[in-house]
Amino acid sequence: MKNGLIVSKIKNGTVIDHIPAGRALAVLRVLGIRGQEGYRIALVMNVESSKMGRKDILKIEERAIEEREAELITLIAPEATINIVKDYEVVEKRKQKVPDKITGLLRCTNPSCITNNDPEAATKFKTLRKSPIELVCEYCETRITEQEVLRQILE
């Protein structure tokens, strides 16, 4: 490519595309990747996208994404696509979507909520809006915004 960026294909691993610009580092954090694990990673940030304006892309060799990780990625990057690559070919393409209900991934910000006082009560949030994300606790009706979701995931 004359004026483009060339990032080589990966043989086996995961490609996460359509990450909102600037959030790829947050995705790496969710995956527990700090750089010393030995994975070969291609990180492209703030590239042009006809669909999103600007986006980030991650390519991680020899690393599969677990279901819980995919759920957290969805909250950071609601439009993300997770592509599983084997022998240089995409064998599975998972379009992530914010679920209507989120159980056990986040904490309610209301200190009086039953989920903060009973260890057996798992948090349950209903999705009010998917972009930007807004959730409501099914127990106490406290609302949490996308900024709070990101803060909790990244702490």
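This passage describes strand pairing, burial, salt bridges, backbone geometry and a surface patch in a predicted model.

In the part of the chain annotated by record, an unreviewed UniProt entry places the feature "domain: Aspartate carbamoyltransferase regulatory subunit C-terminal" at residues 101-149. Within the model, this span is 8% helix and 37% strand, and its end C-alpha atoms lie 14 Å apart.

Strand β8, residues 133-137, pairs with strands on either side of it in sequence, namely β7 and β9. Strand β7 (residues 124-130) runs antiparallel to β8 and is joined to it by five bridges, one of which can be followed at lysine 126, whose bridge partner in β8 is valine 136. The hairpin that joins β7 to β8 passes through two residues. The pairing of β8 with strand β9 (residues 143-145) is likewise antiparallel and extends over three bridges, and here leucine 135 stands opposite isoleucine 144 of β9. In this hairpin, five residues lie between the strands.

Five of the five residues of β8 are buried, so the strand is largely enclosed by the rest of the structure. Ile133, Leu135 and Cys137 point one way from β8, whereas Glu134 and Val136 point the other way, and the residues of both sets are buried.

A further buried position is valine 98, which is located in the loop between β5 (89-95) and β6 (101-103). Valine 98 counts as buried because its relative accessible area is 4%, under the 20% cut-off. When residues up to four places away in sequence are not counted, valine 98 touches Thr74, Pro78, Thr127, Lys130 and Ile133. As for threonine 74, it is separated from valine 98 by 24 residues in sequence, but the two C-alpha atoms are 5.9 Å apart in space. Threonine 74 is itself one of the buried residues of helix α2, together with Glu69, Ala70, Leu72, Ile73, Leu75 and Ile76. Because seven of the 10 residues of α2 (residues 67-76) are buried, this helix is largely enclosed by the rest of the structure.

The count of salt bridges in the model comes to 14. In one of them, glutamate 61 is paired with arginine 40, and the closest N and O atoms are 3.0 Å apart. This pair links distant parts of the chain, since glutamate 61 belongs to strand β3 (residues 53-61) and arginine 40 to the loop between α1 and β2, 21 residues apart. Glutamate 61 counts as buried, with a relative accessibility of 13%. Another salt bridge brings together the side chains of arginine 63 and glutamate 69, with an N to O distance of 2.9 Å, and both arginine 63 and glutamate 69 are buried.

The salt bridge between arginine 151 and glutamate 155, in which the closest N and O atoms are 2.6 Å apart, involves residues with greater access to the surface: arginine 151 counts as partly exposed at 42% relative accessibility, and glutamate 155 counts as exposed at 56%. Salt bridges that share partners join Arg151 and Glu155 with Arg107 and Glu148 into one network.

Several backbone features occur in loops. Serine 131 and proline 132 are joined by a cis peptide bond, with omega at about -10 degrees, and proline 132 is placed in the loop between β7 and β8. Positive phi values are found at residues other than glycine, including glutamate 62, where phi is near 60 degrees, and glutamate 141, where phi is about 65 degrees. Glutamate 62 is located in the loop between β3 and α2 and counts as exposed at 55% relative accessibility. Glutamate 141 lies in the loop between β8 and β9 and is also exposed, with a relative accessible area of 64%.

At the surface, Leu25, Tyr39, Ile41, Leu43 and Met45 make a nonpolar patch of about 380 Å². Strand β2 (residues 41-49) supplies the largest share of this patch, with three residues, while leucine 25 is placed in helix α1 (residues 24-30).

Notes:
Residues numbered from 1 in each chain as written. Predicted model: local features only at pLDDT ≥ 70, side-chain atom pairs only at ≥ 80, totals over all residues. Heavy atoms only, no water. Patch = residues over 30% accessible without salt bridge, like charges linked within 9 Å, V, L, I, M, F, W, Y side chains within 5 Å. Areas by Shrake-Rupley, 256 points an atom, 1.4 Å probe, with all protein chains shown as cover. Salt bridge = Lys/Arg side-chain N within 4 Å of Asp/Glu carboxyl O. Helix = DSSP H or I, 4+ residues; strand = E, 2+ residues; numbered from the N terminus. UniProt positions renumbered as here; feature names shortened; annotations may be inferred. Buried < 20%, exposed > 50% of the residue type's maximum accessible area, 1.4 Å probe, protein only. Pairing = 2+ DSSP bridges. Contact = heavy atoms within 4.5 Å.
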